[in-house]
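Me: I'd like to go through a model with you and ask how each label is earned. Could you set the values against the cut-offs for me?

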Amino acid sequence: MTDVSTTDAALDLTPQQPALDDQTSDDTGPAGNGGRDTLTVTDNRTGQTYELEITDGTIRAADLKQINADGEGLATYDPGFVNTASCRSAVTFIDGDAGILEYRGYPIEQLAEHSTFLEVAYLLLNGDLPTEAELEEWVHQITIHTFLHENVKQLMQGYRYDAHPMGMLMSSVSALSTFYPDAVKIADVDNRQLQITRLIAKMPTLGAFAFRHAQGKPYVYPDNRLSYVENFLAMLFKMSEPTYAADPRLVKALDILLILHADHEQNCSTNAVRSVGSSQVDPYSAVAAGIGALYGPLHGGANEAVLKMLRRIGSVDQIPAFIEGVKAGKEKLMGFGHRVYKNFDPRATIIKKACDDVFAVTGVNPLLEIAQELERIALEDEYFVKRKLYPNVDFYSGLIYEALQFPPEMFTVLFAIGRTPGWLAQWSELVQDKEQKIARPKQIYTGHRTREFVPMAER
Ligand code: CMC
């Protein structure tokens, strides 16, 4: 940043246009600014003008520090990071207005149609689609790492009978750091790869154990003859049959759901993974933080909240009263709205289609009628239209999960299993990014300044 001028009288807040005479055909950029990618800022407290560099559509917040009228240096205030880029990333691209989601440049629609979850995981982690041999080796590596240490099983058995599976998942993932202490060697590329493989392989086993625990059923060990999703379903639902044979249409639907959840750039949980990972802790601890963030009802917990909401509404004739309550600010229409998508969520479109495929096997979920009518009414209502609130990925995913016989508490666990490759791809990118520093936001302090301690008897 450069301090370009100092004047006492520069108090005009109107953006200044250069005089036409100043513009020549040679040096004028698209905005008539001489082609410079800079921002000129005048601090009206001092009249001082600064020129800030614009790179990739951003200015560096640290450049503002030199605007220093009060001795503190200017900063930005951005609760929830609504307009702050925290990193450079080449993993996932989203255009919220156009409803575009791409992993490493591949549109989500194509991946959902042609790919598999493990292939997408490879893509996210490595940047390109695998060759046949690379995919075979990757699937093999994942398959041979699905088992858990018996002590992890014992740890999970120690939970109360009604423990929420997300709480169990979060703590068992963080416990893995104690089983693989080498995971702290995050600068070692082979070591990173091993921990990434382990975690993606073990997530379904942990999720299934958490599910069986709540049901009081014996845990089912992985069956390495099965595919990733088939094995997961077997660990969830197998009873005394020698091999659990899942319906291939349901396997495909669940595989698609995992693909849709695999990454979503800098969302709340990925930001948690990156923030915790920036301390250079091991990846299990960083991902456990991500699972904690995902647990919340405004993030991954939304699909569970959608199901509870639909059940509470109960019937189509109750919808108008419910909508009025939402508009009066009494509650939110869960599964609607998104920080980034302001037109439609492309994942919701794919999920809606998957709904049909699943219901063809399982029969229609009676809550579907309420969901469809709710969507129809909301999409015509000015309150939702004006605020650009559309169904998001969670609006219909819960209905599918329920049709697949998952209780609502398990929905976010499925989301976490799907998101693990994304978290790890972003973590891996962070670890290799020389620009990254330990996450340490500023605050605007609003509390008391130095006070004398008051003895108990005088308070
Ligand atoms: N129902 C009713 N009103 C809403 C909703 C909703 N679902 N979402 C946003 N609004 C209103 C909000 O009250 C505000 O109104 P006003 O301008 O009058 O104050 C306006 O819309 C803007 O909302 P916001 O809270 O500033 O938007 P945000 O970008 O901070 O929040 C969100 C995004 C997803 C947290 C929010 O839309 C929400 O809480 N939705 C319901 C929960 C949900 O479905 N979450 C899943 C998100 S998708 C899965 C994922 O990626 O995690």
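Reply: Happy to; here are the ground rules, then the aromatic pairs and a lysine.

This is a predicted model, where local features need pLDDT of at least 70, side-chain atom pairs count only at pLDDT 80 or more, and totals for chains, interfaces and linings use all residues. Residues are numbered from 1 along each chain as its sequence is written, and side-chain values use heavy atoms, with hydrogens and water left out.

Me: What makes two rings an aromatic pair, and how many are there?

Reply: Rings of Phe, Tyr and Trp (its six-membered ring) pair if their centres lie within 6.5 Å; planes under 30 degrees apart count as stacked, over 60 as edge-to-face and the rest as tilted. That rule gives 16 aromatic pairs.

Me: Why is the pair of Phe-209 and Tyr-221 called edge-to-face?

Reply: The centres are 6.3 Å apart and the planes meet at 85°, so the pair passes the distance limit and lands in the edge-to-face class. Phe-209 belongs to helix H6 (residues 189-215) and Tyr-221 to the loop between H6 and helix H7 (228-237), so the pair ties together parts 12 residues apart in sequence. Helices here are DSSP runs of H or I with at least four residues, strands are E runs of at least two, and both are numbered from the N terminus.

Me: How do you know whether Phe-209 and Tyr-221 are buried or partly exposed?

Reply: Buried means under 20% relative accessible area, exposed over 50%, and partly exposed in between (1.4 Å probe, protein chains only). Phe-209 has 1% and therefore counts as buried, while Tyr-221, at 34%, counts as partly exposed.

Me: And why is the pair of Tyr-401 and Phe-411 tilted?

Reply: The ring centres are 5.4 Å apart with planes at 45°, so the pair is tilted. Tyr-401 sits in helix H16 (residues 393-403) and Phe-411 in helix H17 (residues 408-432). Both residues are buried, and both belong to a cluster that ring pairs build with Phe-211, Phe-237, Tyr-244 and Phe-406.

Me: What makes you say that Lys-238 has no salt bridge?

Reply: A salt bridge needs a side-chain nitrogen of Lys or Arg within 4 Å of a carboxyl oxygen of Asp or Glu. For the buried Lys-238, the nearest side chain of opposite charge is Glu-241, 5.7 Å away, so the cut-off is not met. The Lys-238 side chain does reach the backbone oxygen of Glu-241 at 3.0 Å.

Technical notes: Lys, Arg positive; Asp, Glu negative; His and termini not counted. Polar contact = N/O pair within 3.5 Å; in protein donor to acceptor, adjacent residues only side chain to side chain.
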